[in-house]
Amino acid sequence: MPKNSKVVKRDLDDEVIESVKDLLSNEDSSEDAFKKSELIVDDQEEKDVDVEEGSDVEDERPAWNSKLQYILAQVGFSVGLGNVWRFPYLCQKNGGGAYLVPYLVLLLVIGIPLFFLELAVGQRIRRGSIGVWNYISPKLGGIGFASCVVCFFVALYYNVIIGWSLFYFSQSFQHPLPWDQCPLVKNASHTFVEPECEKSSATTYYWYREALNISSSLSQSGGLNWKMTICLLAAWVMVCLAMIKGIQSSGKIMYFSSLFPYVVLLCFLIRGLLLNGSVDGIRHMFTPKLEIMLEPKVWREAATQVFFALGLGFGGVIAFSSYNKRDNNCHFDAVLVSFINFFTSVLATLVVFAVLGFKANIINEKCVIQNSEKILKLLKAGNLSQDMIPHHINFSSITAEDYNLVYDIIQKVKEEEFDSLGLKSCQIEDELNKAVQGTGLAFIAFTEAMTHFPASPFWSVMFFLMLVNLGLGSMFGTIEGIITPIVDTFKVRKEILTVICCLLAFFIGLIFVQRSGNYFVTMFDDYSATLPLLIVVILENIAITRIYGIDKFMEDLKDMLGFSPSQYYYYMWKYVSPLVLLLLLVASIVQMVLSPPGYNAWIEDMAVEEFHSYPTWGMIICISLMVLAILPVPIVFLVRRCNLIDDSSGSLAAVSYKRGRIIKEPINLEGDNTSLIHGKSPSEVPSPNFGKNIYRKQTGSPTLDTAPNGRYGIGYLMADMPDMPESDL
């Protein structure tokens, strides 16, 4: 009820009862009565207003302030950390420039069509994922709940990565950077380099020991890492404050969080191209290896990357689009956001390999110097003859080309005893072939390269601020995928739900900031989302094409967009996309079965990573994550299939409505529906033909499917008041 109007309060107390008899026998008066009441009228020229069952006030759904704000929100959700540290890795691993071919093909086959489908469904029904799939078919309502569970699992560990980035960001305001050199250890007699750091590298040591203070196995908790605990708390506070008012607060922040990463990437690209060796990295990146492109594994990994890059199945896409006007051109949005995502991945790949090319040259120079010193020692010791060294070679200022020439000569002359000389081949390609992804790319490889930048603290601040913004953009969509469906379904206050959700996630997330927390992040990343999301999107596709009806859906799109979408989408949704998704699901299951479940543990004594299998309890957690994520689907199906919960409240049997609200009065209407009209046969009943299509949104009523014109809407709002005088008819 409006808080500032006593007049409105008196109006609300003036209850008006309308029956089906009024609607059918007196169309003019019924239309006037409906206009006076605050029911939903499906008129595109009027403001979209949703009136919910049992709501005390007219529930006006929030809307985006502008189309730009909405596009930035979708871009911010789809463009995330995976674009920076997974796409470049997959591109380098799977054929370089040739990898772009399968990626683009699969983007057109499953990426854009499924992204368009989610945008259209959310925009048309204007509900979160739970409400959308309840509407399509109440028995499939579990799809929405499964999306919420997956979003929650992903949010738990994704915000930990933002916490790591915040920690590195806070440590970047130092010169030199704290990971620039290995620390020195002093004892009673002398000072020496930290052995763990000397065996690895300064950036590797700082990541594992200073930042994570990691334990040697999953079973060794080691207690909380207080530095990361504070950073995790800060990350959740940022998310909570940004999301507490819904899109009114998060939408404004999107202008910064979505655009700032592009500024940083462009700055890094310009700076990277000016670095020595950057061209080597980019050339290596886009040198196509066509033979690799024919391997099935490449297509599977490309499909997986397309799938997760666009955020399909999470519910965030549906939630964001539900705040659009119904006549918004979501087809244009789907194509635009998909290609922005793709070009962002390519831009990030250029930046990554320009920097890695620079880093490879730095490492290669060190390799040349160290091995040249070995050759000089071998010459002095008489193990090598001076005659085999070309006269123009100057070991005091030797180039990589000259060293490789000497190396090849020594290898041919000393073929039998060459291995005992301990010389290394210093090739830039060898360094670039070391595939690095994920945290290893951001917190080890990139940080090491930045230590060699002029004004390295500035670039470090920019880089980790970019990671924080990329992470927050994705987190907003992920949290929206949880909050919006629950608010729409259970009518709770968004502010309270947001605070509770963030607090709960923070306390559960403490398992990720133990000393063994990094291993749990790996576990959740591998098992909490992949298979459940694939199943969710397959069911979404089936729900639209088989349950709701692909022909009917295409008509709805024409009605909503004002034009008929290409038949290309018809065939993609009905035949191609489900087949590709099923193949991807089978391939993912096979890959998961064949790959031994485990994680890479950091061994402090040897300063190397070592593969460990999960203990029994760890395997139980892995399986539980997948089962819990998909469990809502069969539970909701069985509950509604077997009528285990009384859903009579979902009936439209009787509705008394006041101005500004609707109150349901459940009345059992079993038997002949003609009893509503006091004995008139169906043929005698006048056909309702109102000037406007009036329907109300209703979940959980499978018997009332669509409005007469085939548009989204669940039947006419009807009321049966048996005590109404017959003279009123």
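This passage looks at an annotated binding site and a nonpolar surface patch in a predicted model.

We may start with the site taken from the record. An unreviewed UniProt entry carries the annotation "binding site" for Gly76, Val79, Asn83, Asn341, Leu470 and Ser474. In sequence these residues are spread over 399 residues, yet in space they cluster, the largest C-alpha distance being 12.5 Å.

Two of the annotated residues can be followed in more detail. Gly76 sits in helix H4, which runs over residues 67-78. With a relative accessibility of 6%, Gly76 falls under the 20% limit and therefore counts as buried. Once neighbours within four places in sequence are set aside, the contacts of Gly76 are Ser258, Leu470, Gly473 and Ser474. Of these partners, Leu470 and Ser474 also carry the "binding site" annotation in the UniProt entry.

Asn83, in turn, belongs to helix H5, made up of residues 81-85. Its relative accessible area is 3%, so Asn83 is buried as well. When residues up to four places away in sequence are not counted, Asn83 touches Ser78, Pro88, Asn341, Ser345 and Ala348. Among these, Asn341 is another position covered by the annotation.

Attention now turns to the surface. Here Val586, Ile589, Val590, Val593 and Leu594 together make a nonpolar patch of about 470 Å². One of its members, Val586, is found in helix H26, which spans residues 567-594. In contrast to the buried Gly76 and Asn83, the residues that make up this patch each have over 30% relative accessible area.

Notes
Residues are numbered from 1 along each chain as its sequence is written. This is a predicted model: local features need pLDDT of at least 70, side-chain atom pairs count only at pLDDT 80 or more; totals for chains, interfaces and linings use all residues. Side-chain values use heavy atoms; hydrogens and water are left out. Patches are made of residues with over 30% relative accessible area and no salt bridge: like charges are joined within 9 Å, nonpolar side chains (Val, Leu, Ile, Met, Phe, Trp, Tyr) within 5 Å. Accessible areas come from the Shrake-Rupley method with a 1.4 Å probe; for residues, only the protein chains shown count as cover. A salt bridge is a side-chain nitrogen of Lys or Arg within 4 Å of a carboxyl oxygen of Asp or Glu. Helices (H or I, at least four residues) and strands (E, at least two) are DSSP runs, numbered from the N terminus. UniProt positions are given in the numbering used here, feature names are shortened, and annotations may be inferred rather than shown by experiment. Buried means under 20% relative accessible area, exposed over 50%, partly exposed in between (1.4 Å probe, protein chains only). Contact means heavy atoms within 4.5 Å.
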